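Here is a short report for a reader new to this structure. Look over the sequence and the model, then read on.

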Amino acid sequence: MQHIKSLPKIDGLRYEFVRDNNSIFHRTHYINMMLRKTETPLAAIWDADAIAPVRQLQQAYSLVLDKGLTMAYPYDGRFWNVNLFHSTMFNHAPRIRILENNNMPRILMSGYNSVGGAFIVNVEAYRRCGWENEHFAGWGPEDVERYHRLEILGERPSRVDGGLFHLYHTRGVNSGDYDKDLAKSTKREYSHVCSMKPDELRTYINTWEWTK
């Protein structure tokens with residue numbers, strides 16, 4: 001269903017709606033679709049529920065641009081889960097100080113080394129590393145696979161100081177292992193990638209049609 005009816009007038013902003021009736025969201029496929037259409041050397045891949053201070057985005061951007069990195073995260077691994085109350089406050093008044101307030105309850109999403117939510121990439125360098133692995137659909141370990149794939153290839157992502165914030169939302173079939181067969185398939189793919197040596201992984205990536 002198309003929820004966005006109108007957008008603000010921002011130079012360079014382009015909106016494209018793709019109808020997809022599959023209940024499982026093939027996120028990796030659609031990210032790659034957007035990467036193919038990207039007209040800038042760098043791209044930000046960002047979950048709609050993830051918020052970071054602008055200064056951290058700028059720092060991550062500079063790391064990729066100035067140091068020739070393939071990928072950088074705009075946070076240090078701490079991905080804070082924001083409760084419904086503070087998420088609602090932020091939605092009504094989107095000011096980062098609401099989320100950075102020390103009085104807000106703080107619960108980490110995935111310990112101190114989260115690898116999801118948001119990252120900046122050099123589009124061409126990331127393509128050589130396989131872009132997003134489309135063997136992952138729905139919810140699964142694609143974030144961890146991405147990190148370890150780049151690590152194996154000698155392109156370990158960098159980080160900047162500061163946290164990332166995850167806004168509250170309801171959960172559905174794309175937020176857990178609801179499809180057991182799909183869950184087994186994605187975990188097999190994750191194990192398969194992580195078991196490879198660099199040359200083996202490069203050979204495997206060369207079979208991925210979406211990077212062609």
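## The sheet

Two strands count as paired if DSSP finds at least two bridges between them. With that in hand, turn to the sheet; the model is predicted. Ala43 stands opposite Val121 in strand 6. Strand 1 and strand 6 run antiparallel and are joined by 5 bridges. Strand 6 also pairs with strand 3, again in the antiparallel sense, over 2 bridges. There, Ala72 has Ile120 of strand 6 as its bridge partner. Strand 3, residues 71–73, pairs with strand 7 in the parallel sense over 2 bridges. In strand 7, Arg159 is the bridge partner of Tyr73.

Put together, these pairs make an open sheet of 4 strands. The order is 1-6-3-7, and the pairing is mixed. Strand 1 (42–46) and strand 7 (158–159) stand at the edges. Each has a single partner strand, so one side of each is left without a neighbour in the sheet. Strands of a sheet pair through backbone hydrogen bonds.

## What covers the sheet

Helix 2, residues 54–67, lies across strand 1, strand 3, strand 6 and strand 7. The helix runs at about 25 degrees to strand 6. Is strand 6 mostly covered or mostly open? Strand 6 is mostly covered, with 4 of its 5 residues buried.

## Helix 6

Helix 6 spans residues 142–152. It is mostly covered: 8 of its 11 residues are buried. Among them are the charged-group and ring residues Glu142, Arg149 and Tyr147, along with Leu150 and Ile152. The buried residues of helix 6 pack against helix 1, strand 3, strand 6, helix 5, helix 7 (180–194) and helix 8.

Asp143 lies in this helix and is one of its buried residues. A polar contact of 2.9 Å joins the side chains of Asp143 and Arg146. Which residues does Asp143 contact, leaving aside its neighbours within four places in sequence? They are Arg27, Val115 and Gly116. Helix 6 is followed by Gly154, which has a positive phi near 80 degrees.

## Two nonpolar cores

The largest nonpolar core has 30 residues. Leu35, Val121, Tyr126 and Leu201 touch the most other members. Several elements supply at least two residues each to this core. They include helix 1 (27–37), helix 5 (123–128), helix 6 and helix 8 (198–205). Strand 1, strand 3 and strand 6 do so too.

Leu201 has contacts beyond its neighbours within four places in sequence. These are with Arg149, Ile152, Leu153, Val193 and Met196. A second, separate core holds 10 residues, including Val82, Phe90, Ile98 and Met104.

## Helix 3

Phe90, a member of the second core, is buried in helix 3. Helix 3 covers residues 84–92, and His86 and Ser87 are buried there as well. Why do these buried residues line one face of the helix? Seen down the axis of helix 3, they fall within an arc of 105 degrees, so they line one face.

What do the buried residues of helix 3 pack against? Their partners are strand 2 (50–51) and helix 4 (96–100). The face turned away from the buried side carries exposed residues: Phe85, Asn91 and His92.

Key:
Residues numbered from 1 in each chain as written. Predicted model: local features only at pLDDT ≥ 70, side-chain atom pairs only at ≥ 80, totals over all residues. Heavy atoms only, no water. Contact = heavy atoms within 4.5 Å. Axes fitted to C-alpha atoms, helices over the stretch in contact; angles between N-to-C directions. Polar contact = N/O pair within 3.5 Å; in protein donor to acceptor, adjacent residues only side chain to side chain. Buried < 20%, exposed > 50% of the residue type's maximum accessible area, 1.4 Å probe, protein only. Arc of directions from axis to C-beta. Core = buried A, V, L, I, M, F, W, Y, C linked by side-chain atoms within 4.5 Å.
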